[in-house]
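Please open the structure in your viewer and keep the selection panel at hand. The tour below proceeds from one selection to the next.

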Amino acid sequence: MWLSRYSRWPSRFHNLHFHSQTTKQLLSSSITTATTQSSPSPLPPPMQVALTDSAGRGVFATRRICAGDLIHTAKPIVSHPSLSSLNSVCYFCLRRISSNSPDFEAHSARFCSQECAENSKDFFYVERTVDWSTFDDYCRDQGLKYPLLVKRLACMIISGSVSSDSIDILQPARLSPEMISKMEEGFHLLRSALRKADVMDEELKFLNKQWYISVLARIRINAFRIELAGGSYEDLLSSAAASIDGDVAVGNAVYMLPSFYNHDCDPNSHIIWIDNADARLKALRDVEGKSFAYAILMQVWVTMLGKLSWLKDSVFDANALGVYLHLSKDEWRNLPWS
């Protein structure tokens with residue numbers, strides 16, 4: 001699907017002030033950049049998140065970036081494999097696990113390495129004590145994927161890995177009353193599954209309807225479909241088969257900094273996933289670094305499939321969606337939805 005390019009204009013920029021120490025730590029710890037021969041220590045990412053008066057938040061270049069440069073990589077805040085990929089990808093990093101690959105199984109979950117099994121042990125200890133069959137059937141029957149991310153995040157919070165406000169800084173989708181009503185079933189199923197597993201009420205104090213709806217609203221507009229680049233011959237065959245079945249993605253993930261990038265059909269950078277859920281942002285062409293007031297807006301074109309289907313039926317909110325598409329209300333309605 002192609003979107004027409006629309007002009008953007010810089011108004012007054014303001015530094016984005018983060019609202020919690022947890023979010024600061026997530027943002028800083030999820031980004032890595034390459035080192036240079038002259039500087040053994042990593043350089044800071046060549047961009048800055050900022051607010052404008054009219055176009056919401058965006059990411060701006062702070063120095064010159066050359067075509068082909070790896071701008072930064074980002075680890076997901078939360079990720080989850082698709083239900084169809086549970087037996088073929090790592091339960092933590094979403095790396096494909098072929099029939100010939102060594103893997104580490106633990107309570108029906110597969111991990112590609114001991115490191116991934118170790119990194120997931122806290123939240124997985126919670127997950128493995130719960131019978132998810134009813135919740136998973138609900139997601140499968142309704143064709144839902146984002147409630148799986150909410151489930152994973154809830155288990156991370158219960159385990160103490162993250163706080164309940166970990167993704168509060170991300171822009172939420174504006175939901176209609178009908179959409180909220182449909183989400184309530186998922187909330188009740190999630191809470192019921194955890195309570196049946198004897199998770200203590202104190203540990204579930206955060207898990208109310210308001211938290212569930214708020215988190216799902218943020219995940220819906222910020223989650224990325226993880227489509228891995230083909231590696232081995234077996235991976236290429238799997239990708240080809242998946243494309244025929246219409247299920248190319250191995251899972252979904254939410255990131256901090258990549259969620260602030262704007263989308264454009266003529267981008268100067270793009271996000272790729274090589275062999276796991278670690279996102280890599282690379283420059284497609286030179287991006288000139290200028291003073292902050294005239295910084296070049298970083299534009300990223302990511303696959304909108306899976307997003308437009310629900311955005312079409314959302315209540316239009318220019319402030320919520322302008323940071324992503326920068327479309328007027330009439331332009332929004334005239335998009336080629338089919």
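**A strand pair, a helix and an arginine**

Begin by selecting isoleucine 272, which stands opposite arginine 280 in strand E12. Please note that the model is a predicted one.

Extend the selection to strand E11, residues 269-272. Its covered face carries Ser269 and Ile271, whereas His270 and Ile272 belong to the uncovered face. Add E12, residues 279-283: four bridges join E11 to this strand, and the two run antiparallel. The connection between E11 and E12 is a hairpin of six residues.

Next, select helix H4, residues 133-142. Which of its residues are buried? They are Phe135, Asp136, Tyr138 and Cys139. Viewed down the axis of H4, these buried residues fall within an arc of 155°, so they line one face of the helix. An α-helix has 3.6 residues a turn, so residues three or four places apart point the same way. To see what covers the buried residues of H4, display helix H5 (146-159) and helix H6, both of which are included in that cover. Just after H4, select glycine 143, where phi is positive, at about 65°.

Now move to helix H6, residues 177-196, and select arginine 195 within it. Is this residue buried, partly exposed or exposed? Arginine 195 counts as partly exposed because its relative accessibility is 44%, a value between the limits of 20% and 50%. Leaving aside residues up to four places away in sequence, arginine 195 touches Asp201 and Leu204. Finally, add valine 130: its C-alpha atom and that of arginine 195 are separated by 8.9 Å, although the two residues are 65 residues apart along the chain.

Notes: Residues numbered from 1 in each chain as written. Predicted model: local features only at pLDDT ≥ 70, side-chain atom pairs only at ≥ 80, totals over all residues. Heavy atoms only, no water. Buried < 20%, exposed > 50% of the residue type's maximum accessible area, 1.4 Å probe, protein only. Contact = heavy atoms within 4.5 Å. Pairing = 2+ DSSP bridges. Arc of directions from axis to C-beta.
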